[in-house]
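Here's a quick tour of a two-chain model, written for someone who likes to check geometry by eye. Have a look at the structure first, then read on.

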Amino acid sequence: MHAIVAECLEKNFDVKAVDCVSFKVKKGSIFALLGPNGAGKTTLTGILTTLIKPDSGYAEVAGFSIGEKMEVRKRIGVVFQEPALDTKLTAKENLEFHAMLYGMKRKEREERIPSALKLVGLEKWENVLVEKFSGGMKRKLEIARAFVHEPEVLFLDEPTLGLDVQTRRNIWDYITSLRDRGVTIFMTTHYIDEAENLCDTVAIMDRGRIVKIGKVDELKKELGEGTVYIELEKADVSKLKSLEGVIDVILSGNVVQINCTNVELLLPKLFKLLDGIKSVKVKNPDLEDVFLKLTGRRFE
Amino acid sequence: MIQVYVLWLREMKRLVRSKSRFFSSLFMPLMFLLFLSSGFSGVKFQGIENYTEYLTPGIAAMAVVFSSTFAGLSVLWDREFGFLKEISVAPVSNTAVVCGRIAGSATTSTLQAMAIVILSIPIGFSTTLYGVLTSFFFVVLMAVTFTGMGLVFASVIKDFHGFGMVMNFVIFPLFFLSGAMFPISKLPSFIRIFAYANPMFYGVSGMRLALISNCLSPAYLLISLFFSVITVLVAARAFERI
């Protein structure tokens, strides 16, 4: 079963912000849209959360077409990139406001609100005005709020943008624990490590298009088992492609990136073959390499 | 209904937490009232027996109109601070959102009008409880109309600069054309026509009749009701674009 289905969604502003995007998100999984700033991630999130009307295409969220706004809205929770809290209300009041807005009965509210606050570790702060909160606390409160009405699908737009390492790890934990309860998570990020550590499926988005979609491991496997970066005085890569074990050679500036199957055996051959080596770096592949390979550009 | 209630409740909580804002918004109308009524106390206006008596309902209406327009425009703050998104992604109709906001601002405005009427008693204003209660019809209808108008403007203007424009080019002219400070019969006839299209004119006139003569004018009430229904409908449509 799929929690989100998108078929050739398109949205034009001055440029094509979303350009015929299609994908499916499995129920109970974490799906990440990875891409640089301006790739169209926020616009796509806006379309799926019924805030932006697509120019064309079709999408279904939690079993309802995005045209049925109210039905979709009842079943989703959203955490926006910019904070969307009322800072003149306390943490608890923000959640109560939300719960009542979603039509929850008093008994449900009394049950769900304390447990949501507890999930993100803010139970001691429930009666403090949000204006006194730090950025990380606000983000945690927003995640708690988006979950109060028990949505089927949770949308998180850059959930850890600008947060410190400790808070990021906490938020990853909350997201994972929500997934374990059966919630489908759709998130956008431009942090490669976030997509790698957290997500079941990653879609790489660039200039309004999804250029690749798959499990993190699968995407990495396509690149081979390892990567060698060699900085040369004068780049001459003509002879490299014929070496045994070399999958791919990419040149950017004076740095040659070689994707290969067996780094240990290849290195001695490279040293013999190439003159004027200034530095060598060996690395196992990550999503950044995938991005570079797919778009020909470095990830910012 | 619960959604209208919770939006109203939010406005009330914010009001209680920023009491100073409530009192400072009373300051300007009170200055108008004190200085104009004492400054003109010796002046004889044609057709007006007691200027303080004439002016008080007008200034109470002024407080209502200014604060409710402001309340409508305050949706701009919600947009600036992101809170509007929380509301726009919730399963709530635009009409409910608009009604919640109007309910909140109507409550605030009624409190303000009441405060001005009470504070004007020491400077020589007299009315009856019946008069005050009757005038509330007009207070509420004006609050509805001008909150709705504020929401409509908020959907048109994009930033805070537009805010001052609305105050200068819309609200002040409507105030001067309402008969709040002087009878519109003193205005040149080609300007007076605009007064008859001014919802505040009917609100002020209705309040004055209620507070001074203890009577409820059905004509003013119906016209005020008409204006408020129209603006709510327009505001609910306009809100989609905010």
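What follows goes through the interface, a surface patch, one tyrosine and a few backbone oddities.

Keep in mind that this is a predicted model, and that local features are only discussed where pLDDT is at least 70.

**The interface**

Let's start where the two chains meet. On the chain A side, 25 residues are in contact with 21 residues of chain B. Together the chains bury about 2,200 Å², and carbon and sulfur atoms account for 67% of that area. Which three residues of chain A put in more than any other three? They are A:Phe97, A:Met100 and A:Leu101, which supply 30% of the area that chain A buries against chain B.

There's a polar side to the story as well. Five salt bridges are counted between chain A and chain B. For one that you can pick out on screen, try B:Arg14 and A:Asp86, whose closest N and O atoms are 2.6 Å apart. Counting polar contacts between the chains gives 10 residue pairs, with both residues at pLDDT 80 or more. As for secondary structure, α2 (69-74) and α3 (91-101) of chain A each bring at least two residues to the side that touches chain B. Of the elements on that side, α3(A) gives the most, with six residues.

**A greasy patch on chain B**

Now turn to the surface of chain B. Here B:Phe27, B:Met31, B:Leu34, B:Phe35 and B:Ile123 make a nonpolar surface patch of about 490 Å². One of its members, B:Met31, sits in helix α2 (residues 19-39) of chain B. Is B:Met31 buried or partly exposed? With a relative accessible area of 36%, B:Met31 is partly exposed, so it clears the over 30% cut-off for joining a patch.

**B:Tyr54 and its neighbours**

Next up is B:Tyr54, a residue of helix α3 (residues 51-73) of chain B. Its relative accessible area is 10%, and it counts as buried because the limit is under 20%. What does B:Tyr54 touch, leaving aside residues up to four places away in sequence? The list is B:Ile48, B:Gly179, B:Ala180, B:Met181, B:Phe182, B:Pro183, B:Arg208 and B:Ile212. B:Phe182 deserves a second look: it is 128 residues from B:Tyr54 along the chain, yet their C-alpha atoms are separated by 8.2 Å. The side chain of B:Tyr54 also reaches the backbone oxygen of B:Phe182, at 3.3 Å.

**Positive phi in chain A**

If you like Ramachandran plots, chain A has some entries to check. Two are residues other than glycine, and they are set out below.

| Residue | Phi | Relative accessible area |
|---|---|---|
| A:Cys20 | near 45 degrees | 31%, partly exposed |
| A:Glu158 | near 50 degrees | 2%, buried |

Their settings are worth a glance too. A:Cys20 belongs to strand β2 (residues 16-26) of chain A. A:Glu158 is found in the loop between β7 (153-157) and α6 (165-180) of chain A.

A glycine joins them. A:Gly296 comes just after α10(A) and takes a positive phi of about 75 degrees. In that helix, which covers residues 287-295 of chain A, the buried residues include A:Leu287, A:Val290, A:Phe291 and A:Leu292. A:Asp289 and A:Thr295 are buried there as well.

Terms used:
Residues numbered from 1 in each chain as written. Chains lettered and ligands numbered in written order. Heavy atoms only, no water. Patch = residues over 30% accessible without salt bridge, like charges linked within 9 Å, V, L, I, M, F, W, Y side chains within 5 Å. Areas by Shrake-Rupley, 256 points an atom, 1.4 Å probe, with all protein chains shown as cover. Salt bridge = Lys/Arg side-chain N within 4 Å of Asp/Glu carboxyl O. Helix = DSSP H or I, 4+ residues; strand = E, 2+ residues; numbered from the N terminus. Buried < 20%, exposed > 50% of the residue type's maximum accessible area, 1.4 Å probe, protein only. Contact = heavy atoms within 4.5 Å. Buried area = accessible area lost by both parts, 1.4 Å probe. Polar contact = N/O pair within 3.5 Å; in protein donor to acceptor, adjacent residues only side chain to side chain.
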